[in-house]
Amino acid sequence: MRVKNNTIDIIAFTSSLICAIHCAAIPIVLSFSSLSSLHFLENPFIEWTFILLGVVFVFVSLWPSYKKSHHNKKPLIYAAVGFTLIAIGRLDFTEIWEVSHTVVGAIFVSIAHYSNWKILRTSNTHEH
């Protein structure tokens with residue numbers, strides 16, 4: 001179970017960082033007129049896919065690790081803060097509002113998975 005969760009955390013961490021990079025880079029990339037044909041990258045389907053993927057990873061990795069292994073709430077708190085910021089960003093007041101909240105939220109979700117991975121790794125070391 002621990003090896004599986006470590007792998008899931010690495011995948012989740014990576015996907016959250018990709019989400020943050022995507023959200024931060026797309027407005028910049030689209031602002032260049034020669035790259036305006038890349039507007040398809042600013043697609044709600046892609047955004048919601050990353051959000052739903054993040055939620056799935058929380059239920060597959062963070063929650064079982066908390067319940068069965070380390071009982072440390074820190075990764076869950078980071079994830080909750082991250083998804084709260086992402087949800088606030090969806091209010092769509094301005095583009096900078098959405099981008100900043102989504103990027104920071106995705107970084108918090110990444111930190112949640114990295115933190116979970118470190119805690120599991122430390123607990124594995126102490127058990128041997």
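A polar contact here is a pair of N or O atoms within 3.5 Å; within protein, one must be able to donate a hydrogen and the other to accept it, and residues adjacent in sequence count only if both atoms are side-chain atoms. Keep that in mind for a pair further down. What you have above is a predicted model, in which local features need pLDDT of at least 70, side-chain atom pairs count only at pLDDT 80 or more, and totals for chains, interfaces and linings use all residues. Residues are numbered from 1 along each chain as its sequence is written, and side-chain values use heavy atoms, with hydrogens and water left out.

Let's start with the overall layout. The protein has four helices and zero strands, where helices (H or I, at least four residues) and strands (E, at least two) are DSSP runs numbered from the N terminus. Read from that end, the order of elements is α-α-α-α. Of the 128 residues, 38% are buried, and buried means under 20% relative accessible area, exposed over 50% and partly exposed in between (1.4 Å probe, protein chains only). As for contacts (heavy atoms within 4.5 Å), take those with a separation of 6 or more: 71% of them join residues 24 or more positions apart.

Now to the polar contact. Asparagine 116 sits in helix H4 and is buried, because its relative accessible area is 0%. Its side chain makes a polar contact with the side chain of histidine 70, at 2.7 Å. If you skip neighbours within four places in sequence, asparagine 116 is in contact with Asp9, Ser61, Leu62, Ser65, His70 and Pro75.

Helix H4 holds another buried polar residue, histidine 101, which counts as buried because its relative accessible area is 17%. A polar atom of the histidine 101 side chain lies 2.9 Å from the backbone oxygen of tryptophan 97. Apart from residues up to four places away in sequence, histidine 101 touches Leu85, Ile86, Ile88 and Gly89.

Tryptophan 97 brings us to the rings. The whole structure has four aromatic pairs; rings of Phe, Tyr and Trp (its six-membered ring) pair if their centres lie within 6.5 Å, and planes under 30 degrees apart count as stacked, over 60 as edge-to-face and the rest as tilted. One of these joins phenylalanine 93 to tryptophan 97 in an edge-to-face arrangement, 5.1 Å centre to centre with 75 degrees between the planes. Phenylalanine 93 is exposed, since its relative accessibility is 57%, while tryptophan 97, at 27%, counts as partly exposed. Tyrosine 114 and tryptophan 117 also pair up: their centres are 5.8 Å apart and their planes at 35 degrees, so this pair is tilted. They are three residues apart in helix H4 (residues 95–127), so about one helical turn separates them. Tyrosine 114 is partly exposed at 40% relative accessible area, and tryptophan 117 is partly exposed at 21%.

What about the nonpolar packing? A nonpolar core is a set of buried Ala, Val, Leu, Ile, Met, Phe, Trp, Tyr and Cys residues joined through side-chain atoms within 4.5 Å. The largest one has ten residues: Ile51, Val58, Leu62, Tyr66, Leu76, Ala79, Phe83, Ile86, Val109 and Ala112. Helix H2 (44–70), helix H3 (74–89) and H4 each give two or more residues to this core. There is also a second, separate core of six residues, among them Ala20, Val99, Val103 and Ala106. Back in the largest core, leucine 76 is in contact with Leu62, Trp63 and Tyr66, leaving aside its neighbours within four places in sequence.

Finally, the voids. On a 1 Å grid over the protein atoms alone, a cavity is a set of points where a 1.4 Å probe fits but cannot get out, and lining residues have an atom within 4 Å of a point. Grid points are joined across faces, edges and corners, and a volume is the space filled by probe spheres set on the points. Two cavities of 30 Å³ or more turn up, and the largest has a volume of about 80 Å³. Its lining consists of Ser15, Ser16, Cys19, Phe50, Ile51, Gly54, Phe83, Ile86, Ala106 and Val109, with H1, H2, H3 and H4 each giving two or more residues.

Serine 15, one of those lining residues, belongs to helix H1 (residues 2–31) and is buried, given its 13% relative accessibility. Its C-alpha atom is 7.9 Å from that of glycine 54, although the two are 39 residues apart along the chain. Beyond its neighbours within four places in sequence, serine 15 is in contact with Phe50, Leu53 and Phe57.

Notes. On a 1 Å grid over the protein atoms alone, a cavity is a set of points where a 1.4 Å probe fits but cannot get out, and a pocket is an open set with protein on both sides within 12 Å along at least five of seven lines; lining residues have an atom within 4 Å of a point.
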